[in-house]
Amino acid sequence: LGKQDYKKTRPMLRATRLKAEAKKTALGVKEVALVLVAILVFLLAFYAFFYLNVSNEVDLDLDPDEN
(Lines give C-alpha, C1' and ligand atoms only; values in the text may rest on other atoms or scores of the structure.)
Protein backbone atom coordinates (compact mmCIF):
# COMPACT_ATOMS: atom_id res chain seq x y z
CA LEU A 1 0.00 0.00 0.00
CA GLY A 2 2.72 2.46 0.88
CA LYS A 3 5.00 1.58 -1.97
CA GLN A 4 6.62 4.48 -3.73
CA ASP A 5 7.11 4.51 -7.45
CA TYR A 6 10.63 5.04 -8.69
CA LYS A 7 11.99 8.49 -8.03
CA LYS A 8 13.19 10.60 -10.90
CA THR A 9 16.82 11.54 -10.73
CA ARG A 10 17.92 15.16 -10.73
CA PRO A 11 18.95 15.21 -14.41
CA MET A 12 15.57 13.78 -15.38
CA LEU A 13 13.76 16.41 -13.32
CA ARG A 14 15.89 19.16 -14.81
CA ALA A 15 15.24 17.91 -18.34
CA THR A 16 11.51 17.77 -17.68
CA ARG A 17 11.52 21.29 -16.27
CA LEU A 18 13.53 22.67 -19.20
CA LYS A 19 11.20 20.97 -21.66
CA ALA A 20 8.15 22.53 -19.97
CA GLU A 21 9.76 25.98 -19.97
CA ALA A 22 10.65 25.64 -23.64
CA LYS A 23 7.04 24.83 -24.45
CA LYS A 24 5.85 27.91 -22.55
CA THR A 25 8.24 30.30 -24.27
CA ALA A 26 8.16 28.86 -27.80
CA LEU A 27 6.04 30.61 -30.38
CA GLY A 28 3.30 28.39 -31.67
CA VAL A 29 2.28 28.01 -35.27
CA LYS A 30 -1.01 29.78 -34.55
CA GLU A 31 0.68 32.89 -33.23
CA VAL A 32 3.06 33.11 -36.18
CA ALA A 33 0.19 32.61 -38.64
CA LEU A 34 -1.91 35.28 -36.95
CA VAL A 35 0.92 37.80 -37.13
CA LEU A 36 1.55 37.04 -40.80
CA VAL A 37 -2.16 37.34 -41.65
CA ALA A 38 -2.38 40.65 -39.79
CA ILE A 39 0.62 42.04 -41.69
CA LEU A 40 -0.79 40.86 -45.04
CA VAL A 41 -4.19 42.43 -44.31
CA PHE A 42 -2.54 45.71 -43.36
CA LEU A 43 -0.44 45.74 -46.54
CA LEU A 44 -3.44 44.87 -48.69
CA ALA A 45 -5.49 47.70 -47.15
CA PHE A 46 -2.57 50.10 -47.61
CA TYR A 47 -2.15 49.08 -51.25
CA ALA A 48 -5.90 49.28 -51.97
CA PHE A 49 -6.12 52.75 -50.43
CA PHE A 50 -3.35 54.16 -52.61
CA TYR A 51 -4.49 52.24 -55.71
CA LEU A 52 -7.97 53.73 -55.44
CA ASN A 53 -6.63 57.23 -54.83
CA VAL A 54 -4.22 57.12 -57.78
CA SER A 55 -6.83 55.62 -60.13
CA ASN A 56 -9.30 58.41 -59.23
CA GLU A 57 -6.66 61.09 -59.87
CA VAL A 58 -5.80 59.58 -63.26
CA ASP A 59 -9.49 59.56 -64.22
CA LEU A 60 -9.76 63.24 -63.31
CA ASP A 61 -6.69 64.11 -65.38
CA LEU A 62 -8.12 62.41 -68.46
CA ASP A 63 -11.39 64.37 -68.47
CA PRO A 64 -12.23 64.84 -72.19
CA ASP A 65 -14.30 68.02 -71.63
CA GLU A 66 -11.25 70.08 -70.60
CA ASN A 67 -10.24 70.89 -74.22
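**Close-up views around F46**

**View 1. F46 sits partly exposed on its helix.** F46 has a relative accessible area of 47%, so this residue counts as partly exposed. The model you are looking at is predicted. Follow the chain to helix α2, which covers residues 29-61, and you will find F46 there.

**View 2. A nonpolar patch lies on the surface.** Which residues join F46 here? The patch is formed by V35, I39, F42, L43, F46, F49 and F50, and together they have about 730 Å² of accessible area.

**View 3. F42 and F46 make a stacked pair.** By the rule for ring pairs, the count comes to four aromatic pairs. In one of them, the ring centres of F42 and F46 are 6.3 Å apart and their planes meet at 20°, so the pair is stacked. These two residues are four apart in helix α2, which means about one helical turn separates them. F42 is exposed, with a relative accessible area of 57%.

**View 4. F46 and F50 meet edge-to-face.** This aromatic pair has 4.8 Å from centre to centre and 70° between the planes. F46 and F50 are also four residues apart in helix α2, so about one helical turn lies between them. F50 is partly exposed, at a relative accessible area of 40%. Take a step back, and you can see one aromatic cluster formed by F42, F46, F49 and F50.

**View 5. An annotated span is helix throughout.** An unreviewed UniProt entry lists residues 32-52 as "transmembrane region". In the model, residues 32-52 are 100% helix and 0% strand, and the C-alpha atoms at the two ends lie 30 Å apart.

Key. Residues are numbered from 1 along each chain as its sequence is written. This is a predicted model: local features need pLDDT of at least 70, side-chain atom pairs count only at pLDDT 80 or more; totals for chains, interfaces and linings use all residues. Side-chain values use heavy atoms; hydrogens and water are left out. Patches are made of residues with over 30% relative accessible area and no salt bridge: like charges are joined within 9 Å, nonpolar side chains (Val, Leu, Ile, Met, Phe, Trp, Tyr) within 5 Å. Accessible areas come from the Shrake-Rupley method with a 1.4 Å probe; for residues, only the protein chains shown count as cover. A salt bridge is a side-chain nitrogen of Lys or Arg within 4 Å of a carboxyl oxygen of Asp or Glu. Buried means under 20% relative accessible area, exposed over 50%, partly exposed in between (1.4 Å probe, protein chains only). UniProt positions are given in the numbering used here, feature names are shortened, and annotations may be inferred rather than shown by experiment. Rings of Phe, Tyr and Trp (its six-membered ring) pair if their centres lie within 6.5 Å; planes under 30 degrees apart count as stacked, over 60 as edge-to-face and the rest as tilted.
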